Amino acid sequence: MRRRSRRTLARRTAAGIELALPDWVTELVRSSLDELRRDLVLPGGPVGRRLLAQLDESAPSDDPVVTLMRQHTLDETLDAIEPTIGRQLLTDDEAEGWLEVLGLVLTARMAQLGVRTEVDRWALNRSDEAYLQVVYALQVALMHALDGPPASR
Amino acid sequence: MALLPMGAVTAPAAAVTAPVVEPRAAPGTGAGTDDQDTHEPDVPYDVFLWNDPVTLMDMVVRVLSKVFGYDGATAQALMLRAHREGKAVVWSGERERATSYCMRLGRYGLQSTVAKS
């Protein structure tokens with residue numbers, strides 16, 4: 001009798017960070033990134049307002065240069081990661097980029113759903129909760145692959 | 001630490017303040033003006049991290065450690081303060097660096113702002 005093997009989504013190997021994602025997870029990441037890119041084009045939408053919210057509380061409005069830099073920075077983050085979706089081996093920098101993008105897509109999805117409080121978060125329907133759990137699982141796997149399990153950090 | 005969203009924590013936060021505070025420059029230059037373009041070099045700015053109900057605690061702690069170089073205990077205490085109080089000062093210092101840190105936190109989807117101390 002064989003014990004069922006549990007595959008981790010990401011692990012460190014000599015060659016880099018190895019991903020073992022089911023196809024549907026890869027597609028979920030890809031479609032989330034596409035969605036985020038579309039949403040960021042609309043700075044007045046819920047995602048734009050959340051991710052490009054005013055930084056300087058002291059100023060009457062943000063410096064437009066800062067806003068442009070932020071948009072550029074987010075675009076760069078997405079551009080860097082897009083070609084790596086579907087690959088099974090990442091460098092550490094690419095895996096870090098995945099963590100950035102997963103944080104962004106999570107924030108964007110919650111902004112779309114109007115989640116601002118813990119009450120909102122715990123009222124998510126099963127489908128949105130499942131999405132959240134998939135992103136969490138991937139984040140945790142990548143953190144462990146990059147840094148080692150919590151006990152070894 | 002339990003793998004919970006930042007907003008799901010109920011444990012009390014340890015008392016902690018942002019440990020990195022750059023020294024104030026000599027007073028006099030830029031004081032008493034509201035013109036943002038003068039940069040007011042003697043006025044330190046705070047970076048506030050805002051609580052959010054979805055980001056994993058481990059993720060927040062990791063990002064604070066990575067961006068600011070904090071040890072795990074400091075980063076965790078700051079994260080818990082943000083959770084309990086709604087926001088926490090995670091760094092203080094020169095305005096441009098504060099803005100830059102905000103943008104780095106934003107790359108991970110974390111909400112942060114800067115404000116005069």
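These notes go through one strand pairing and several salt bridges in a predicted model.

1. Strand β3 of chain B, residues 112-116, has 4 of its 5 residues buried, so this strand is largely enclosed by the rest of the structure. Its antiparallel partner is strand β1 of chain B, residues 45-50, and 5 bridges join the two strands; within this pairing, B:Asp46 has B:Ala115 as its bridge partner in β3(B).

2. Over all chains the structure holds 15 salt bridges. One of them links A:Arg11 with A:Glu18, whose closest N and O atoms are 3.0 Å apart. A:Arg11 is partly exposed, at a relative accessible area of 44%, and A:Glu18 is also partly exposed, at 29% relative accessibility.

3. A salt bridge is also formed by B:Lys66 and A:Glu96, with the closest N and O atoms 4.0 Å apart. B:Lys66 lies in helix α1 of chain B (residues 57-68) and A:Glu96 in helix α4 of chain A (residues 92-112), so this pair joins two chains. B:Lys66 is partly exposed, with a relative accessible area of 44%, whereas A:Glu96, at 9% relative accessibility, counts as buried. Both residues belong to a network of salt bridges that links them with A:Asp147 and B:Arg62.

4. Between B:Arg107 and A:Glu100 there is a salt bridge in which the closest N and O atoms are 3.4 Å apart. This pair crosses between chains, from B:Arg107 in the loop between α3 (95-106) and β3 of chain B to A:Glu100 in helix α4 of chain A. B:Arg107 is partly exposed, with a relative accessible area of 24%, while A:Glu100 counts as buried at 10% relative accessibility.

Technical notes: Residues numbered from 1 in each chain as written. Chains lettered and ligands numbered in written order. Predicted model: local features only at pLDDT ≥ 70, side-chain atom pairs only at ≥ 80, totals over all residues. Heavy atoms only, no water. Buried < 20%, exposed > 50% of the residue type's maximum accessible area, 1.4 Å probe, protein only. Pairing = 2+ DSSP bridges. Salt bridge = Lys/Arg side-chain N within 4 Å of Asp/Glu carboxyl O.
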